[in-house]
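Welcome! Here is a short tour for anyone meeting this structure for the first time. Have a look at it below, and then let us walk through its parts together.

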Amino acid sequence: MIKHISIKIGLLFFVAVLLLETISMYFLHNNIIHSRVHDELSALQTRGNNHREILEASFYDETMKHIALMESRTDTQVILTNAKEKIIMSSNEVKAEMRKIISSTPRKVAYTGLILEDDWQHESYIASVSPIMVNGKINGYVYMFQSTQKIKDLISGMNHHFILAGMLSLVFMVFIIIILTRLVTHPVIEISKATKRISKGDFTVSLPRLPKDEIGELGESIQILARDLEILKNDRNEFLASISHELRTPLTYLKGYSEIARRPETKLEDRDHYLEIINEEAVKLSNLVIELFTLAKMDENNFSIEKEEVYLLPYLKEITEKVLPALKESNMNIQINCPSNLCLNIDPVRFEQVILNLIDNARKYSEPNTSILIDANEANGRTLIKIKDQGKGIPEKDLPRIFERFYRVDKSRSRALGGSGLGLSIVKQLVEAHGGTISVSSKPNAGTTFEIVI
């Protein structure tokens with residue numbers, strides 16, 4: 001239906017403008033006609049008054065003949081009667097319609113004159129009467145007549161002009177409407193085509209330059225949506241590829257070592273070794289599934305943060321005790337610098353996952369006989385927690401991406417170290433769920449520092 005929007009808008013514009021023009025033309029036409037007829041009536045009455053003034057000054061036959069001769073050469077007719085409305089002079093033949101109008105003269109006529117007939121549409125004449133006063137008494141009447149055909153011809157000519165003007169304005173209006181509807185609907189049609197391509201999975205849409213109005217804003221929003229969907233599509237493909245890779249590796253080990261362990265000729269000590277590998281891979285696979293489940297709940301905002309006041313020093317000590325066995329295996333130690341009275345409003349269970357993940361990362365990527373430092377303090381109403389190691393560091397080019405899912409800095413070592421590339425992504429989302437931020441700074445062979453600000 002969108003392809004017909006130009007027709008719909010054009011018809012709406014056409015009907016609206018046509019209605020407006022018709023109403024305007026109607027009132028303008030009526031006003032002009034009324035004004036023109038009024039002018040004709042006023043002129044007729046004024047002409048009768050002028051004759052009356054001449055006759056009042058010189059009420060003689062010679063004057064009457066002069067007025068009659070003068071009016072006989074115009075499109076008006078003058079009739080002079082006595083006080084009893086008996087015709088005593090006329091510039092032309094007196095028609096029956098004129099006698100009828102004369103007979104309708106009221107007894108009292110104002111000195112300024114009176115319009116006796118103004119129905120130009122149905123009568124043959126319009127007429128006026130002016131009383132002749134001599135020595136304070138009515139001595140007669142001056143009747144002025146004018147054929148209504150003149151007014152009808154004038155109105156007819158004016159109607160032709162109005163029709164011509166109306167037709168020209170309609171043509172011009174149609175032309176303007178076509179241009180306007182194209183200007184308005186062309187961007188909408190282009191936007192519609194773009195949305196159809198997006199719905200079919202083609203996110204590489206590019207709209208032409210749009211006007212800076214609501215339609216332009218809509219087009220810009222659709223382009224932004226297309227870019228976002230393209231990013232989501234690529235992220236989804238990368239995510240699925242990464243998951244399939246992460247699942248394939250432990251499953252390959254599980255399948256391969258289980259088949260070897262099932263062979264009758266496999267020695268008992270070898271079978272135990274294979275079963276230990278199978279167990280390790282199963283644990284890694286289980287941890288990966290848990291991490292994926294955690295991310296899924298985070299993406300759907302389906303996990304809860306239950307905060308409470310926690311004293312950081314004993315809280316951090318309790319967490320580090322859980323990783324001491326792993327640190328001792330690597331001949332590493334951990335130090336905590338934290339004021340004893342420092343409190344933080346956090347979810348103890350969720351935030352423990354953050355600290356453990358960062359400590360475990362520091363352990364994996366540090367050399368033996370090095371230290372991990374946890375430093376916590378408060379400044380300007382904010383709590384800062386730093387976890388610093390003395391490891392190999394992170395290359396500068398990798399720093400912006402370390403919080404991305406499945407991203408690994410050292411891809412060759414990830415298998416041996418057991419990382420899935422999801423840990424730091426989970427850490428970032430958990431910190432942000434607490435209303436905080438996490439950042440990282442690192443230099444090659446000079447260690448890495450993660451800073452949490454809440």
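Along strand β11, which side chains point to one face and are buried, and which point to the other and are not? Ile-438, Val-440 and Ser-442 are the buried set, while Thr-437, Ser-439 and Ser-441 point to the other face and are not buried. Please keep in mind that this is a predicted model.

**The chain as a whole**

- The chain holds 10 helices and 12 strands.
- It has 454 residues, and 37% of them count as buried.
- Taking contacts between residues at least 6 apart in sequence, 65% join residues at least 24 apart.
- The accessible surface is about 27,600 Å², and carbon and sulfur atoms account for 56% of it.

**The hairpin of β11 and β12**

- Strand β11 covers residues 437–442, and strand β12 covers residues 448–453.
- Six bridges pair these two strands in the antiparallel sense.
- One place to see the pairing is Ser-439, whose bridge partner in β12 is Glu-451.
- Five residues lie between the two strands of this hairpin, and in the turn Asn-445 has a positive phi of about 60°.

**The five-stranded sheet**

- Here is an open sheet of five strands in the order β2-β1-β5-β4-β3, with antiparallel pairing.
- Its edges are β2 (87–90) and β3 (114–117), each of which pairs on one side only.
- On average, neighbouring strands of the sheet are turned by 25° against each other, direction ignored.
- Helix α2 (residues 61–72) packs on the sheet and touches β1 (76–82), β2 and β5 (137–147). The direction of α2 makes about 155° with that of β1.
- β3 and β4 (residues 125–134) run antiparallel and are joined by three bridges; Ile-115 has Ser-128 of β4 as its bridge partner.
- In the loop between β1 and β2 you will find Glu-85, which is not a glycine yet has a positive phi near 65°. Most residues other than glycine have a negative phi.
- Glu-85 has 26% relative accessibility, so this residue counts as partly exposed.

**Helix α7 and its surroundings**

- Does the length of α7 agree with what its residue count predicts, and what are the two values to compare? At 1.5 Å a residue, the 18 residues of α7 (residues 312–329) should span 26 Å, and the end C-alpha atoms are 26 Å apart, which agrees.
- A kink of about 50° lies at Val-323, shortly before the proline Pro-325.
- Several residues of α7 are buried, among them Leu-312, Tyr-315, Ile-319, Val-323 and Leu-327.
- The cover over the buried residues of α7 includes strands β6 (308–311), β7 (333–337) and β8 (343–346), helix α8 (348–364), and strands β9 (371–379) and β10 (382–388).
- Asn-331 sits in the loop between α7 and β7 and takes a positive phi of about 55°, although it is not a glycine.
- Because its relative accessibility is 48%, Asn-331 counts as partly exposed.

**Tyr-257 in helix α5**

- Tyr-257 belongs to helix α5 (residues 214–262) and counts as partly exposed because its relative accessibility is 23%.
- Leaving aside residues up to four places away in sequence, Tyr-257 touches Tyr-274, Ile-277 and Ile-278.
- From Tyr-257 to His-273 the C-alpha to C-alpha separation is 9.4 Å, with the two residues 16 apart in sequence.

Key
Residues numbered from 1 in each chain as written. Predicted model: local features only at pLDDT ≥ 70, side-chain atom pairs only at ≥ 80, totals over all residues. Heavy atoms only, no water. Helix = DSSP H or I, 4+ residues; strand = E, 2+ residues; numbered from the N terminus. Expected span 1.5 Å × (residues − 1). Bend = angle between axes of the 7 residues up to and from the residue. Buried < 20%, exposed > 50% of the residue type's maximum accessible area, 1.4 Å probe, protein only. Contact = heavy atoms within 4.5 Å. Pairing = 2+ DSSP bridges. Axes fitted to C-alpha atoms, helices over the stretch in contact; angles between N-to-C directions. Areas by Shrake-Rupley, 256 points an atom, 1.4 Å probe, with all protein chains shown as cover.
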